[in-house]
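Good morning, colleagues. I would like to take you through a few local features of the structure now being displayed.

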Amino acid sequence: MTGWSTPASFDQERVWFASRLDPDSPAFNVPTVVSLSGVALGAGDMAATLRTVVERHEALRTSLAEAADGSLRQTVHEHVELTVDEEDLRSLERAAARSRTEELLTELAAEPFDLTRAPLFRARLVRLSEADRLLLVVVHHSAFDAASVALLDHEVTELCRAAAEGRPAELPPLPVQYADYATWQRSRYDSGEFEPDLAYWRRRLAGLPPVHALPLDRRRPPVRSNTGDTVRFAVPEEVGDAVAALARRGGTTPFTVLLAAFTALLARTSGSADVVVGVPVSGRVLPEVGALIGMFVNTVVLRTDASGNPTFGELVARTRDAVADALEHSQLPFQKLVEELSPERDPSISPLYQIAFNYLPDSGNELVDTGTAKDELVLELGPQEGRLSFRTDLFDRRTAQALAERYVRFLAAASPETRLADLPLAGAEEGARPADGRGPHRELPAGLVPDLFQARVAASPEAPAVVGAGVCLSYAELNSRANRLARLLVRRGAGPEWRIALVLPRSAEMIVAVLAVFKAGAAYVPVDPDLPPLRREFLLTDSAPALVLTLAATADQDLSEAPVLALDDPAVLAELAGADDADLTDADRTAPLRPAGLAYVLYTSGSTGRPKGVAVPHSGLSNLAHAHIDLLGIGPDDRVANRSTWSFDISVLELLPTLLAGAALVVTPSEPALLGAELADWLRRHAVTHLLAPTPVAATLPAGAPPTLRVVFVGGEACPAELVVRLGADVSFVNGYGPTETTVVATTWPGRQQPPTAVAPIGRPLPNTACYVLDDRLRPVPPGVPGELYAAGPHVARGYTGRFGLTAERFVADPFGAPGTRMYRTGDLVRRNHDGDLEFLGRTDRQVKVRGYRIEPGEIETALTECAGVRQAVAVVSADDPPRLIGHVVAEPGAGPDPEALRGELAAVLPRHMVPAQITVLEALPLLPNGKLDRTALPTPPPARPGAGRRPATERERVLCAAVAHALHLDEAGADDDFFQLGGDSISAITLVARARAAGLRITARQVFRHRTPAALAQVAAGVADGAPAGGEPAPLVRLDAADRDRLAARHPGHHDVLPLSPLQQGLLFHAQYDEQAPDVYTVQLVLDLSGRPDAGRLRAAGSALLRRHPNLRAGFWTDGAEPVQVIPVPGPMPWQELDLRPLDAGRQDEEIRSFLAADKA
């Protein structure tokens, strides 16, 4: 094929680069159908028709390829091979023919194009009847836009009709071609015409969030793809009419109303009021390109502020203003905007926007599903239908379906006065009802914990109840000891609402003391004797206990102003020995036991740093115990580990289900804390069947559970998906969630399979409880929509001791329960997934962000623990300015993971913004006494030196370092320097690719984004095949043989340059030579009126300066060689004539001027 090469347009460049990231994807194929009625043409006739269209429109015979310098060039081919296949459907019924046509169009659109080979379109003729045809056409977006659809339809239809009627086709002349537009567009950018637009966008997009806030259904992969799916939906006619009415009332267009509704949907669904959407806009600003097929589409970033709960009318007005401003500055090419703004590049995230909106009223575009999505979400609307395309590696189809339904619901409900928060997210079919947050109803045995425990003692008095720590107590022995101590407490006045501090280690004595307090009707306050003195003093002061139980070793310390009773004091032991060991009744107590009575007070960390005491009543304890007896399958033959500190509420979960089920509680030694292999060995030696532990503790367990271990329950912290896989393979795995304020556990999730998200779901409410997902107006939100979690039911605590204001803030009236009931506001952001399970998304009052990106530490921790040699991991954000993401890992025994190697592994599976800046290897993660991670004790490494500049160690690294330096105009680059941190972008990435290929190494743009350093690229680079042109050298600009060069030098001695003709110049030269006697319609004459007394010498000097500045003003055509060229002579003085018409009157002056101009033009 022969042709000529020119720079590509910015529009082509953007589409080409996006296509290069996923070259096997048909995401940028544009399908259309031309309907031909009464035209009895065959495939050969149709091919001839299309050849005429292709001859008229150079864009349809253009290919794209990168030059040696990395720039993108378009090659316009004089001729391209063109065939049209034919499908005969005349034998099919109309419905079957329609279905088959859709299949054919989908097949045609599903095949990707090789952008280096023209033509970038394919066609198929479908014969429906003797006189009816459909022409199916698919064109690559780099050569086609929405307006081109109508142009192609018109020209094909007119050519076919003209052929059938035996007349010339009436098609408009094309004064320019697409390559001319590309040259004009680039000249505008080079001349600085877009600087005001760039200044606007800098202001408008300042502080732009780097990625949208919509919750994802799956982990974000490290590199984005175009794999997708599409949900189609109808827009009822009455909804369309309502949209038109809203547009008229708001003085705007239906497009603006539809976009405002989409903005409202995104704001409500994501919880973010800063909504960013990409919108395509036409670049056909010149009348000369109005009839031209080609790619004239730019993208603008529409940023709308949805804050303040505006009315829909106000939101439409905001959207209208945003659209108007964006359109006024819409000619700045999008990729140039990206280059200028230089957002941090992440191969998993498209820069500036990830969600797109397009309105195509009567465009003729066929909405064909090709299994792709150009962006993460793309809403495309036609007159009465729409489609929502989505990336399947991020979203489920059910999520997209729900979004589409909510969008139509928003449109139907919107009125100018409707507030954003009042637009209905949920429909009747989605069931966003309070009942959806309630757990199943279950009947419970009558009585409170003392009664239920005593019933178990009566059923199996000799069964072991507490073992370990040097003792073995049967149920009868445990009950006897607890009864004696309870009577001792009652004699000292203990009863309902009394608080008794237990300053005791984890031991059998502690278990006896807890049961004794319950039996006496009082409440216990656990205080770890090993706490720092100031912390212990605060707890004992704030809880104001009426009595302190401890051991002699700590009794002599200044514990409290309250009486202190040492349980191992000889006098106390003697008193206990003489006490009655029969079960207490209400007659023995100071007051009867009641469900509302206080059971215990546990202290949790406060946001202000001051611990707060949570007062928990008896009402939820029986339900907690029986729910977990069923869930965990605890029976009389089981052995449950008691390893938690009693100041952590999981100790309640260890105690109550175990003793009410008749199982044995196995107490671990107090020191040292058992973790990892030591914990696994202890579980094995003591034949433990159930382990209930904080997530960080369970994460220390090595692979391969002890043979007797059947169940692992984790809670207290987010559970990584990796832990579910690692432990769930050998045991029944349960992830529990619940603040202390909800009596230990509010929801549970049995680990049936690996969750798709990085963190395991928290599941569903316990029986007889409720967990509501509510918006900020306490309204239930539908599945998939984030909201704050509220817990209700008998598990809700009373509140915080002595903190009445905080209690009123967090414990609020339950609008869905019986009068007087309350619910607890957790402050946790969750959503209910499509399976009905709750997913933890973070805190409503604290979001972790680094460089503007929301960070999910659990996802990073999961990825780290999946790396070889890593047992545990935690990710935190440093307090530096700017903050850094830091990873801390604990190695498997015998392993020595390299931090930089770990970062490299993470870069292969995580988005760039989620790869820690630094990773430290620790011997163990610091834990608090309750087993939770002590984040304050994690070390903060000093910042790594940026651009350390390691010298290349191999020839490949040397080549790639040089290529990076060349692409970024640097003196040098180090082997470990990050290309994008050095200033790289998508365009300079192509320059890097081209430079590397010229040096003999083949890399791709996708690899540059994924392997961002020369050293990493050296590992994946391939050698250029023998015989292949290194760098894809373009054809010479001008082909002149020696004879041509000699003739040219003789005709134009000392010429400055020789250039090929642009397509427009070729056309003008052709018309000028076609009829040399015809009037010259292409000569442009300018007449300038100058006032004052002009200086002729200075005028000529100014004209000569213009000639020097603009070589095209000096150009002339030379047509004596093998191909016409334009010759640029060296600068010289401007040709000049001067006429003095001052002696003539005005009429004669005008006559002389017209005569002079006519002669000059001739």
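A residue counts as exposed when its relative accessible area is over 50%, as buried when that value is under 20%, and as partly exposed in between. Please keep in mind that this is a predicted model.

I begin with the surface. Leu-1086 has a relative accessible area of 71%, and is therefore exposed. In sequence, Leu-1086 falls in the loop that joins helix H31 (1063–1074) to helix H32 (1096–1109). Together with Leu-1088, Leu-1090, Leu-1099 and Trp-1136, Leu-1086 makes up a nonpolar surface patch, and the accessible area of these residues together is about 540 Å².

Helix H10 presents another picture. How many of the eight residues of helix H10 are buried? Six of them are, so this helix, spanning residues 334–341, is largely enclosed by the rest of the structure. The buried residues are Phe-334, Gln-335, Lys-336, Leu-337, Val-338 and Glu-339. Just after H10 comes Ser-342, with a positive phi of about 50°.

Let me turn to the aromatic residues. Across the whole structure, a search yields 19 aromatic pairs. In one of them, Tyr-181 and Trp-184, the ring centres are 6.0 Å apart and the planes meet at 40°, so the pair is classed as tilted. Both residues belong to helix H5 (residues 178–190), where they are three residues apart, about one turn of the helix. An α-helix has 3.6 residues a turn, so residues three or four places apart point the same way. As for accessibility, Tyr-181 is buried at 4%, while Trp-184 is partly exposed at 26%.

The rings of Phe-453 and Tyr-475 also form a tilted pair, because their planes are at 35°, with centres 6.1 Å apart. Here Phe-453 comes from helix H12 (residues 449–459) and Tyr-475 from helix H13 (residues 475–491), so the pair ties together parts that are 22 residues apart in sequence. Phe-453 is buried, at 1% relative accessibility, and Tyr-475 is buried, at 0%.

There is also an aromatic cluster, composed of Phe-233, Phe-255, Phe-262, Phe-357 and Tyr-407. Two arginines should be mentioned alongside the rings. Arg-122 is placed over the face of Phe-113, 3.9 Å from the ring centre, and Arg-186 over the face of Phe-10, 4.3 Å from the ring centre.

Next, the cysteines. Why is there no bond between Cys-719 and its closest cysteine sulfur? That sulfur belongs to Cys-867 and is 18 Å away, which is too far for a bond. A disulfide requires the two sulfur atoms to be within 2.5 Å, and the count of disulfides by this rule is zero. Both cysteines are nevertheless buried: Cys-719 has a relative accessible area of 1%, and Cys-867 one of 7%.

I close with Asp-581. This residue is located in the loop between helix H17 (570–577) and strand S20 (598–604), and with 34% relative accessibility it counts as partly exposed. Along the chain, Asp-581 and Ala-476 are 105 residues apart, yet their C-alpha atoms are separated by 10.0 Å. Thank you for your attention.

Note on methods
Residues are numbered from 1 along each chain as its sequence is written. This is a predicted model: local features need pLDDT of at least 70, side-chain atom pairs count only at pLDDT 80 or more; totals for chains, interfaces and linings use all residues. Side-chain values use heavy atoms; hydrogens and water are left out. Patches are made of residues with over 30% relative accessible area and no salt bridge: like charges are joined within 9 Å, nonpolar side chains (Val, Leu, Ile, Met, Phe, Trp, Tyr) within 5 Å. Accessible areas come from the Shrake-Rupley method with a 1.4 Å probe; for residues, only the protein chains shown count as cover. A salt bridge is a side-chain nitrogen of Lys or Arg within 4 Å of a carboxyl oxygen of Asp or Glu. Helices (H or I, at least four residues) and strands (E, at least two) are DSSP runs, numbered from the N terminus. Buried means under 20% relative accessible area, exposed over 50%, partly exposed in between (1.4 Å probe, protein chains only). Rings of Phe, Tyr and Trp (its six-membered ring) pair if their centres lie within 6.5 Å; planes under 30 degrees apart count as stacked, over 60 as edge-to-face and the rest as tilted. A charge sits over a ring if NZ of Lys or CZ of Arg is within 6 Å of the ring centre and within 35 degrees of the ring normal.
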